[in-house]
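These are my notebook entries on a structure I went through element by element. I set down what I looked up and what I found.

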Amino acid sequence: MTFWQDPQFGARMITLMAALVLVLQITMVAQRWLVTNIRAFAIQSFLLACIASTIAYYNAATHIYIAATLTLLFKAVLLPVILQRLVSRIEIRQEIEPFVNVPLSVIISGLLTLLAYVVAEPLQAQTSLPGAAGLGRNTLPVAIALFLIGFFMMISRRKAVTQVLALLSLENGLFLAAISLTYGMPLIVELGIFFDVLVAVMILAILVYRIRETFDSMDVSRLSRLKG
Amino acid sequence: MTIPLLLLIPLAASGITALARGRRALELIHILSALAGFTASLLLAAGVLANGQTSWGNGFLFADHLSALVVLLTAFVYLACAPYAIGYFRTDRINQAFGPDEDGSVQLAKIRKYYVLTPLFAFSMFLVALSNNLGVMWVALEGTTLTSIFLVTFYGRPTSLEAAWKYAMIGGAGLSMALFGTILTYYAAGQVLGTESLSALNWSVLAGSASKFDHTVMRLAFILILLGYGTKAGLAPMHTWKPDAYSEAPAPVAALMAAAVLNCALYGVARFYVLTVRCLGPSFASQLLILFGILSIAIAVPFILVQRSYRRLLAYSSIDHGGIMVLGLGFGGALGPLGMLLHMTFHSVTKPLLFFCAGNAQQQTGNDSLRRTPGGLLHSLPVSGPVFLLATLAVTGTPPFSLFQSEFTILRAGIAAQHVGLSILFVTLLVAIFAGFFYHIAQLVLGPPSDYPQGETCRWKTYPVIGLCALVLLLGFWLPAPLYSLISGAAGVLAVHP
């Protein structure tokens, strides 16, 4: 048995990649350039695909390979390309201008990560399976952290494109949760979710474009005429 | 065979309208598809009443009394909106709502969008009610958002973009919570059933073994589902997208969203409610449902009392009714689910009528303001004006209209469950809503003649109003026996068996 066939090695690799995913999420909160943000999202999705295929390899599970391939194609390549083209086409200022300043945002993200570990504790307690079947269970707190930080990004960002990115990274958290808890949803559900995400991003891209045309800005805090 | 047929009809209608040429062809196909859809839903309901639950494709799609009822109501609202939409968009052309349009090509492009997207919207709603797999149900509910975003931006005003953005973002965030809840349910089920097969997410399988699920996981899952699908149903405090989307969308779209999507979202909550109750016992889920129900009714009160626009007024009424249904489910017992489903049925008939009257009034007067109105709509709209007032009485639950019966049933369920204080609060809030709602609409409808254009503009807009009004009056006195047995069968699905 070579060293990479040992589930122990797989577990370490998964932990490493999950840590990187979390670091990338906090990078997205911390840095100010929109294009970097999109690239961080692309790398994050790439790492998720790697985690999924690692789990698929050790469990010899075909449907996780399919989910991993789809993640790679859509979230790591196609969606970032769509978003980059959108950003360059509408020539917006490249800075993000959050409502909450960067140091405070990072501190809040840290607290949310802590909260995620607390929430995941009771769920993880029952899942100490040995060997390959227990792979990836320790990524659940990371998944919940991605979910919570994604929510925080949604409410703390002004620009429409960054809200879309936040929604997508939140969705990445859900993908990781599904992989770590149940080794992915059934294939048909997974396909449906991918289809929905793809269509949603296209619709949102069109909306962003039209908001930019109409308001001459992408600042969603200007969308405030409907009240009461 | 009716189950796949129900899904194929709207899909086919959407495909054909994408290719059809003239305006009349679009309208004809739409009406025919709505008729076919309603007939199929009647057949499904009859089949379920005769033979119990049916399934198709190895249990992938399935229908019991509850699904059949929701499908029937969705198909009914879709059918009611079909002729109304024809008149509504024809009037838009006359009013030049789409800007200068000499040969009608602008209008054709606009209404093609409506006639292509609305059947897809209906398709997603049918799929919500018919899918056995809870993951597919989530995909379909997300589909209802995606297919309706461009219907909200229909008029392309800055405010419609704002409404659509809020709708997409709040809806997207909410549904992601529901997906998390679904994943957790799958996890809880996987510990008992194994996750190897697709059926581990099938409701009919889960319902049988829910008592063995892990309690912590199910508790978290239900909270996330209630927040998620509650956002879609517009329960407070996740309701903020609703007034914007309902006031910006064309009236037939708003009617579909208020009467049909609401049912589908609550259907999602109800399915998970059954699983949670079987796992944890009734008290946990009931307390949460009662909390969100009362909160939604209470939050509607101040906004209805000081409202400036009648389209938004209807949206707050819809939040209120969503709250009433959830409250009914939360009270539980034998009467609670029955009250909820009766309310759902009566609401699905009455709400479209209100939206049609409001749409007619808006097209006649050119605005939907309650402040700048000189009143006297009664004189310029001899049919829709008085019916608007009547529908207001019906929707606020005044006797003898049917919504009074269902609200009374929910009240009895509350008292039977010994929530006396809450029941009194419930009635007080309903009275406040009645007062505000009736005051506003009476100001609008009654009064001396004003200088608005006289007469109904298009008979396609008047006939649906007359038809629905007759039905609302009829339902106040007579509930057909097969419909009642369908409703009570559906309530049986939701009833708690300790």
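The entries below cover the chain contact, the core, two helix pairs, two buried leucines and some backbone exceptions.

**Entry 1. Status of the model.** I note at the outset that this is a predicted model.

**Entry 2. Contact between the chains.** I looked up how many residues each chain brings to the contact: chain A gives 37 residues and chain B gives 36 residues. On the side of chain A that touches chain B, at least two residues each come from helix 4 (102–125), helix 5 (140–156), helix 6 (160–182) and helix 7 (187–215) of chain A. Which of these helices gives the most to that side? I found helix 7 of chain A, with 14 residues. I then sorted the side of chain A that touches chain B by class and obtained 27 nonpolar, six polar and four charged residues.

**Entry 3. The largest nonpolar core.** I recorded 271 residues in the largest nonpolar core, and I183(B) and L256(B) as those with the most contacts inside it. Helix 10 (residues 251–280) of chain B gives the most to this core, namely 23 residues. I followed L256(B) further: apart from neighbours within four places in sequence, its contacts are V77(B), Y78(B), C81(B), F121(B) and V261(B).

**Entry 4. Helix 1 and helix 2 of chain B.** I looked up the axes of helix 1 (residues 2–19) and helix 2 (residues 23–51) of chain B, which come within 9 Å and cross at roughly 175°. With angles over 145 degrees counted as roughly antiparallel, helix 1 of chain B and helix 2 of chain B are therefore roughly antiparallel to each other. On the side of helix 1 of chain B, the residues that meet helix 2 include L5(B), L6(B), I9(B) and A13(B). On the side of helix 2 of chain B, I listed among others G37(B), A40(B), S41(B) and L44(B). By class, the residues of the contact of helix 1 of chain B with helix 2 of chain B are 13 nonpolar, seven polar and no charged.

**Entry 5. L6(B).** I took up L6(B), which lies in helix 1 of chain B. Is L6(B) buried or exposed? L6(B) has 27 C-beta neighbours inside 10 Å and so counts as buried. Setting aside neighbours within four places in sequence, I found L6(B) in contact with G37(B), A40(B), S41(B), L44(B), V71(B), F126(B) and L130(B). L6(B) and L130(B) are 124 residues apart along the chain, and their C-alpha atoms are separated by 9.4 Å.

**Entry 6. Helix 6 and helix 9 of chain B.** I found that the axes of helix 6 (residues 158–193) and helix 9 (residues 241–248) of chain B come within 9 Å and cross at roughly 135°. That angle makes helix 6 of chain B oblique to helix 9 of chain B. The crossing of helix 6 of chain B with helix 9 of chain B is left-handed. Helix 9 of chain B contributes W241(B), D244(B), A245(B) and E248(B) to the contact, while the residues from helix 6 of chain B include T159(B), K166(B), Y167(B) and I170(B). I counted the classes in the contact of helix 6 of chain B with helix 9 of chain B as five nonpolar, three polar and four charged.

**Entry 7. L327(B).** I located L327(B) in helix 12 (residues 310–331) of chain B. L327(B) has 31 other C-beta atoms within 10 Å and is therefore buried. Beyond neighbours within four places in sequence, L327(B) is in contact with I290(B), G293(B), I294(B), I410(B) and F426(B).

**Entry 8. Backbone exceptions.** Most residues other than glycine have a negative phi, and most peptide bonds are trans. I noted a cis peptide bond between A236(B) and P237(B), with omega about 0°; P237(B) lies in the loop between helix 8 (215–233) and helix 9 of chain B. I noted another cis peptide bond between P399(B) and P400(B), with omega about 10°; P400(B) lies in the loop between helix 15 (384–395) and helix 16 (402–416) of chain B.

I also looked up positive phi values. Phi of A60(A) is near 50°, and A60(A) sits in the loop between helix 2 (34–59) and helix 3 (62–90) of chain A. A60(A) is exposed, because 9 other C-beta atoms lie within 10 Å. Phi of N58(B) is near 60°, in the loop between strand 1 (54–56) and strand 2 (61–63) of chain B. N58(B) has 10 C-beta neighbours inside 10 Å and so counts as exposed.

Methods
Residues numbered from 1 in each chain as written. Chains lettered and ligands numbered in written order. Predicted model: local features only at pLDDT ≥ 70, side-chain atom pairs only at ≥ 80, totals over all residues. Axes fitted to C-alpha atoms, helices over the stretch in contact; angles between N-to-C directions. Helix = DSSP H or I, 4+ residues; strand = E, 2+ residues; numbered from the N terminus. Parallel < 35°, antiparallel > 145°, perpendicular 65-115°, else oblique. Left-handed = near helix turned anticlockwise from the far one by under 90°. Contact = placed C-beta atoms within 7 Å. Nonpolar A, V, L, I, M, F, W, Y, C, P; charged D, E, K, R; others polar. Core = buried A, V, L, I, M, F, W, Y, C linked by C-beta atoms within 7 Å. Buried ≥ 20, exposed ≤ 12 C-beta atoms within 10 Å, placed from the backbone.
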